[in-house]
Amino acid sequence: MPMSLSEFAPFLDRQDETGLQRELDESGFARLPGLLNEAQCAELVALYEDESRFRRTIDMNRYRFGSGEYKYFAAPLPALVQQLRERLYPALARAANRWEERLGQEPAYPEELSAFLEQCHRHGQTRPTPLLLKYEEGDYNCLHQDLYGEVFFPFQAVIALSRRDLDYAGGEFLLVEQRPRAQSRGHALVLEQGDGLVFPTNNRPVAGARGYYRTKLRHGVSTVLSGRRHTLGVIFHDAR
Ligand SMILES: O=C(O)CCC(=O)C(=O)O
Ligand SMILES: [Fe+2]
C-alpha cells in the first residue's frame with residue numbers, strides 16, 4: 001500500500017510554522033503531534049524485519065551506546081521516510097538560519113534538502129542516516145549526539161512508532177541541556193504513537209544578559225520497563 005503524503009501535511013502549513021518556530025526558539029525542541037497515523041507507524045515497524053531495506057545494523061551494547069538495536073536505512077529510502085525528511089527540512093532550515101544569525105554567523109542552510117545533501121556529499125558524507133530503533137525490556141539509549149562528519153544539520157527528529165502503555169512502558173525520550181558554567185537541565189518527554197519531536201543535534205542559542213550564548217544538547221532514552229518500543233529517527237545530514 002503506498003503511503004500518502006497528505007497524512008502528515010498539516011503542521012507543515014505556513015500558519016503552523018509560526019508556532020513551531022516559536023517553540024524551537026523558546027525551548028529548543030518542539031513536538032509535532034500526529035505526524036504519522038497508526039497504519040504508517042505499523043508499516044514502518046514491519047519494515048524493521050526486511051533486511052534488504054537497511055545498510056547497517058548496530059547492536060548498541062557492543063559499542064556501549066546502551067542496550068537495544070538500530071538499523072540505518074539503505075538508499076533509496078522508503079518513500080515515507082524520504083518524504084518526511086524532505087518536508088520537515090525547509091521549516092527547520094529557516095529556524096537553523098535564524099539561530100545562526102543570533103549567534104553572529106552567516107545563514108548557512110539552503111532552502112531545500114537536496115542542496116544541503118549536496119554539501120554533505122562534497123564532504124564525503126554520502127551514506128543515508130535515517131534509522132529505525134528497537135528497544136525491548138531493559139533496553140535504553142545513552143545520552144549522545146548524532147554527528148557523522150564535518151557537516152551536520154542543527155535539528156533532527158524522532159517519531160514514536162509504538163503505543164505507550166500498550167506496546168511498552170518506560171522508555172521516555174530524554175533531552176539534556178548542558179549550560180555553560182552551570183548545571184545541566186533534563187527533559188523527559190513522553191511521545192504518543194505517531195508523534196514527532198524536533199530537537200537540536202548539537203547546540204542552541206539561549207538569550208542571556210549580553211546577547212545569545214550556546215548550550216549543548218544530548219539525547220537518549222530511559223530504560224524500557226516492559227514490551228517493545230520502536231522509533232524512527234530522521235537525521236538530515238548524511239554520514240561518512
Ligand atoms: O529512540 C529514541 O527515542 C531516540 C532515537 C535516537 O537517538 C535518534 O533518533 O537519534
Ligand atoms: Fe540519536
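Where in α3 does a kink of about 35 degrees lie? The legends below take that up along with other spots in this predicted model.

**Figure 1. The whole chain, seen before we zoom in.**
Let's get our bearings. The protein chain has four helices and 14 strands. Its radius of gyration is 17 Å, close to the 18 Å that the globule rule gives for 240 residues, so the chain is as compact as a globular protein of that length. If you lay a box along the principal axes, the C-alpha trace spans about 50 × 40 × 35 Å. Buried residues make up 34% of the 240 residues. Now look at who touches whom: among contacts with a separation of 6 or more, 77% are between residues 24 or more positions apart.

**Figure 2. Helix α3 and its kink.**
Here is the answer to the opening question: the kink lies at Y89, shortly before the proline P90. Helix α3 runs over residues 79-102, which makes 24 residues. From its first C-alpha to its last it reaches 35 Å, close to the 34 Å expected at 1.5 Å a residue. Check which side chains are tucked away: the buried residues of α3 include L80, V81, L84, L88 and W99. Y89, the residue at the kink, is buried as well. A handy rule for reading this view is that an α-helix has 3.6 residues a turn, so residues three or four places apart point the same way. Follow the chain just past α3 and you meet G104, with a positive phi of about 75 degrees.

**Figure 3. A cis peptide bond in the loop leading to α3.**
Step back along the chain from α3 and you come to P76, in the loop between β4 (69-73) and α3. The peptide bond that joins A75 and P76 is cis, with omega at about -10 degrees.

**Figure 4. Strand β7, covered on both sides.**
How many of the six residues of β7 are buried? The answer is six of six, for a strand covering residues 155-160. F155, A157 and I159 point one way, while Q156, V158 and A160 point the other way. That back-and-forth follows a general pattern: in a regular strand the side chains alternate between the two faces of the sheet. β7 has partners too. It pairs with β11 (residues 196-200) in the antiparallel sense over five bridges, and in that pairing A157 stands opposite V198. Five bridges also join β7 to β14 (residues 224-235), again running antiparallel. There, V158 stands opposite G233.

**Figure 5. Strand β9, with one covered face and one uncovered.**
Strand β9 has two faces to tell apart. F173, L175 and E177 sit on the covered face, whereas L174, V176 and Q178 sit on the uncovered one. β9 pairs with β10 in the antiparallel sense over five bridges, and V176 has G186 as its bridge partner in β10. β9 also pairs with β13 (residues 211-221), antiparallel over six bridges. In β13, the bridge partner of F173 is V221.

**Figure 6. The hairpin loop between β9 and β10.**
The hairpin of β9 and β10 has six residues between the strands. Two of the loop's residues are worth a look. P180 is found in this loop, between β9 (173-178) and β10 (185-189). Buried or exposed, which word suits P180? P180 counts as exposed because it has 10 C-beta neighbours inside 10 Å, and the cut-off for exposed is 12 or fewer. R181 sits in the loop too, and it counts as exposed because it has just 5 such neighbours inside 10 Å. R181 also has a phi near 50 degrees, a positive value in a residue other than glycine. For a sense of distance, compare P180 with I159: 21 residues separate them in sequence, and their C-alpha atoms are 29 Å apart in space.

**Figure 7. R64, with a positive phi in another loop.**
Here the spotlight is on R64, in the loop between β2 (54-59) and β3 (66-67). Phi of R64 is near 60 degrees, a positive value in a residue other than glycine. With 8 C-beta neighbours inside 10 Å, R64 counts as exposed.

**Figure 8. The stretch that carries a UniProt annotation.**
An unreviewed UniProt entry places the feature "domain: Fe2OG dioxygenase" at residues 126-239. In the model, that span is 0% helix and 57% strand. Its end C-alpha atoms lie 6 Å apart.

How values were computed. Residues numbered from 1 in each chain as written. Chains lettered and ligands numbered in written order. Predicted model: local features only at pLDDT ≥ 70, side-chain atom pairs only at ≥ 80, totals over all residues. UniProt positions renumbered as here; feature names shortened; annotations may be inferred. Buried ≥ 20, exposed ≤ 12 C-beta atoms within 10 Å, placed from the backbone. Rg over C-alpha atoms; globule rule 2.2 N^0.38 Å. Contact = placed C-beta atoms within 7 Å. Expected span 1.5 Å × (residues − 1). Bend = angle between axes of the 7 residues up to and from the residue. Pairing = 2+ DSSP bridges.
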